[in-house]
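Trainee: I have a structure open on my screen and would like to learn how to read it. Could we go through it together, one feature at a time?

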Amino acid sequence: MEGKLRPNERREELIYALCKRRKDKVKNLAFEFNVSVRTMEDDIKILSLTHPIITHTGRYGGGVEVADGYYVGRKYLKPSQKDLLERLSETLSGDDLATMKSIFYDFTL
């Protein structure tokens with residue numbers, strides 16, 4: 001990382017890095033972002049309020065990962081939206097069913 005990032009910029013870079021790597025050690029992330037382990041832990045706690053982040057405690061600084069299949073900027077269906085679309089898809093056929101399947105593919109994988 002070049003220079004000091006503002007906290008929000010650092011957190012944005014952090015979530016992108018985690019989405020790319022999928023998991024890492026808190027200690028490694030703190031070193032990479034040139035902050036203390038405590039600051040990195042605070043950043044992770046803040047990000048976990050809006051992103052599916054899983055933390056692991058450990059003797060050597062613990063670890064952090066993002067949930068399988070999660071990527072920043074990707075749109076996801078709410079459970080109620082998914083349920084409605086599933087019910088509607090039972091009444092479809094042909095091109096309409098293919099379109100509905102493409103919606104599920106785009107928003108649920």
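## Reading the fold step by step

Mentor: Let's begin with one residue: D43 is buried, with a relative accessible area of 1%. Keep in mind as we go that this is a predicted model.

Trainee: Where does D43 lie, and what does D43 touch?

Mentor: D43 lies in helix α3. Leaving out residues up to four places away in sequence, D43 touches R10, R11 and L14.

Trainee: Which residues of α3 are buried?

Mentor: A general idea first: an α-helix has 3.6 residues a turn, so residues three or four places apart point the same way. Now the case here: the buried residues of α3 are M40, D43, I44 and L47. They cover an arc of only 100° around the axis, which means that they sit on the same side of α3.

Trainee: What covers the buried residues of α3?

Mentor: The cover includes α1, α2, β2 and β3.

Trainee: How do I describe the way α1 and α3 meet?

Mentor: Two packed helices are described by the angle between their axes and the distance between the axes. In this model, the axes of α1 and α3 come within 10 Å and cross at roughly 75°. That makes α1 roughly perpendicular to α3. On the α1 side, the contact is made by R10, R11, L14 and I15. On the α3 side, T39, M40, D43, I44, I46 and L47 take part.

Trainee: Next, the nonpolar core. Which residues of the largest one touch the most other members?

Mentor: In soluble globular proteins, nonpolar side chains tend to be buried together. The largest nonpolar core here has 16 residues, and those touching the most other members are L14, L29, M40, I44, I53, V64 and V66. Two or more residues come from each of α1 (7-21), α2 (26-32), α3 (37-47) and β3 (63-66). Helix α1 gives the largest share, four residues.

Trainee: Let me pick I53 from that list. What is I53 in contact with?

Mentor: Setting aside neighbours within four places in sequence, I53 is in contact with I15, I44, L47, S48, V64, E65 and V66. I53 also has a bridge partner in β3, namely V66.

Trainee: That brings me to the sheet. In what order do the strands come?

Mentor: Three strands form an open sheet in the order β1-β3-β2, and the pairing is antiparallel. The edge strands are β1 and β2, each of which pairs on one side only. On average, neighbouring strands of this sheet are turned by 20° against each other, direction ignored.

Trainee: How many bridges join β3 to β1, and how many join β3 to β2?

Mentor: Strand β1 (residues 23-25) pairs with β3 over three bridges. Within that pairing, K25 stands opposite G63 in β3. Strand β2 (residues 53-56) pairs with β3 over four bridges.

Trainee: Let me try a residue of β2 as well. Is T55 buried or exposed?

Mentor: In a regular strand the side chains alternate between the two faces of the sheet. As for T55, this residue is found in strand β2. T55 is exposed, because its relative accessible area is 54% and the cut-off for exposed is over 50%. T55 stands opposite V64 in β3. Apart from neighbours within four places in sequence, T55 is in contact with I44, G63 and V64.

Trainee: What about K75: where does K75 lie, and how far is K75 from F107?

Mentor: K75 lies in the loop between β3 and α4 (79-89). At 58% relative accessibility, K75 counts as exposed. K75 and F107 are 32 residues apart in sequence, and their C-alpha atoms are 6.1 Å apart in space. Not counting residues up to four places away in sequence, K75 touches D106 and F107.

Trainee: One last feature: the backbone angle phi. What is phi for R22 and for N34?

Mentor: Most residues other than glycine have a negative phi, and most peptide bonds are trans. R22 has a positive phi, near 80°, and is not a glycine. You will find R22 in the loop between α1 and β1. N34 is not a glycine either, and its phi is positive at about 55°. The place of N34 is the loop between α2 and α3. N34 counts as exposed at 52% relative accessibility.

Note on methods:
Residues are numbered from 1 along each chain as its sequence is written. This is a predicted model: local features need pLDDT of at least 70, side-chain atom pairs count only at pLDDT 80 or more; totals for chains, interfaces and linings use all residues. Side-chain values use heavy atoms; hydrogens and water are left out. A nonpolar core is a set of buried Ala, Val, Leu, Ile, Met, Phe, Trp, Tyr and Cys residues joined through side-chain atoms within 4.5 Å. Buried means under 20% relative accessible area, exposed over 50%, partly exposed in between (1.4 Å probe, protein chains only). Contact means heavy atoms within 4.5 Å. Two strands pair if DSSP finds at least two bridges between them. The arc is that of the directions from the helix axis to the C-beta atoms. Axes are lines fitted to C-alpha atoms, for helices over the stretch in contact, and angles run from 0 to 180 degrees between N-to-C directions. Angles under 35 degrees count as roughly parallel, over 145 as roughly antiparallel, 65 to 115 as roughly perpendicular and the rest as oblique.
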